[in-house]
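Hi everyone, thanks for coming. Please have a look at the sequence and the structure on the screen, and then I'll walk you through what we can say about them.

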Amino acid sequence: MQIVSENRCFGGIQGVYKHNSKSCGGEMTFGLFLPEEAKEGPVPVLWYLSGLTCTHENAMVKAGAQQWAAEQGIALCFPDTSPRGEGVADDEAYDLGKGAGFYVNATQDPWAPHFQMWDYVAQELPDVITDQFAIDPDRQAITGHSMGGQGALTLAMGLKGRFRSVSAFSPICHPTQSDWGRKQLSAYLGTDESAWAPHDASLLMREVGFDGEILIDVGTDDQFWDLLKIGAMADAMSERRQAGQLRLQSGYDHSYFFVSSFIEEHVAFHAEALWR
């Protein structure tokens, strides 16, 4: 593993690291914030999955989460959103290919050789950080924004018992019925829509739910409201009587100004579950 950078941050260390990924067949980069408490022993970790066009850096720099994670004594992990580098398939559109992995294991060409993002985030990267850093594998939580919110919700419901809590900012809630979803799922997974269901948070909510509380925030002025399908998640949570909150925040849009406005509450929400 290569250290790209390590900077003192709110008493801890914000690092950026590169490693060779077997899942994605090439070099991957991730950010990891370790609070001061990590000097004394393993600490809980909150995963942050970013959205379309992002790298590991967007949330690491823009969300402002380190201050609140330091106060709570928890680590933050910022994976990339897709494989990158020479030989990795891409598309001219911003919402397919590099920067748009959708946290799935692709089965279709030309994506399958590298786009194994579910395995990368679910297994490989957790193994890396718990092996190399003072991370407690039994205390994990997950959050994400937009496409990353979709990933956070589907990973939390798909990996029973892994995460103590889950939250999301403006998640893509029903990708099997949205243009932000049908295009990508058909490209990565093929035309058999039964293969798409494990990556649709609204369908998963109806089928399995989450064993814990969920927190979802969405801005009422989100410019991608119609693509997110928030109503489908609200209906699914109601039908299942899922414990949690789905909050509409007046006047906020889809940007990191929105994320940074509520990240303190999300970190506190996860810290309560992680230290319970």
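Helices (H or I, at least four residues) and strands (E, at least two) are DSSP runs, numbered from the N terminus. What we have here is a predicted model, where local features need pLDDT of at least 70 and side-chain atom pairs count only at pLDDT 80 or more, while totals for chains, interfaces and linings use all residues. Residues are numbered from 1 along each chain as its sequence is written, and side-chain values use heavy atoms, with hydrogens and water left out.

Let's begin with the overall picture. The protein chain has nine helices and nine strands. Its radius of gyration, taken over C-alpha atoms, is 17 Å. The globule rule, 2.2 Å times the number of residues to the power 0.38, gives 19 Å for 276 residues, so the chain is as compact as a globular protein of that length. Along the principal axes, the C-alpha trace spans about 50 × 45 × 35 Å. Of the 276 residues, 58% count as buried, meaning under 20% relative accessible area; exposed is over 50%, and partly exposed lies in between (1.4 Å probe, protein chains only).

Now for the strands. S2 (residues 12-21) and S3 (residues 26-34) run antiparallel and are joined by nine bridges; two strands pair if DSSP finds at least two bridges between them. One facing pair is Ile13 and Leu34 of S3. Together S2 and S3 make a hairpin with four residues between them, and Gly25 in that turn has a positive phi of about 65 degrees. S3 also runs antiparallel to S5 (residues 75-79), with four bridges, and there Gly31 has Phe78 of S5 as its bridge partner. How many of the nine residues of S3 are buried? Seven are, which leaves this strand mostly covered.

Next, helix H2 (residues 65-72). Its buried residues are Ala65, Gln66, Trp68, Ala69 and Ala70. They pack against S1 (2-9), S2, S3, H1 (57-62), S5 and H9 (256-274), where contact means heavy atoms within 4.5 Å. After H2 comes Gly73, with a positive phi near 70 degrees.

On to the inside. In soluble globular proteins, nonpolar side chains tend to be buried together. A nonpolar core is a set of buried Ala, Val, Leu, Ile, Met, Phe, Trp, Tyr and Cys residues joined through side-chain atoms within 4.5 Å. The largest one has 65 residues, and Phe30, Ile129, Ile142, Leu153, Leu155 and Tyr188 touch the most other members. Helix H3 (residues 117-132) gives the most to this core, with eight residues. Leaving aside residues up to four places away in sequence, Leu155 touches Leu49, Trp118, Val121, Ala122, Ile142 and Phe163. Another core lies apart from the largest one; it has 25 residues, including Cys9, Tyr48, Trp68 and Ala70.

Finally, the cysteines. How many disulfides does a search of the whole structure find? Zero, with a disulfide being a pair of cysteine sulfur atoms within 2.5 Å. Why is Cys54 without a bond? The closest cysteine sulfur, in Cys77, is 15 Å away from its own, which is too far. Cys77 is in no disulfide either, with the nearest cysteine sulfur, that of Cys24, 13 Å away. Both Cys54, at 7% relative accessibility, and Cys77, at 0%, are buried.

That's my tour, and I'm happy to take questions.
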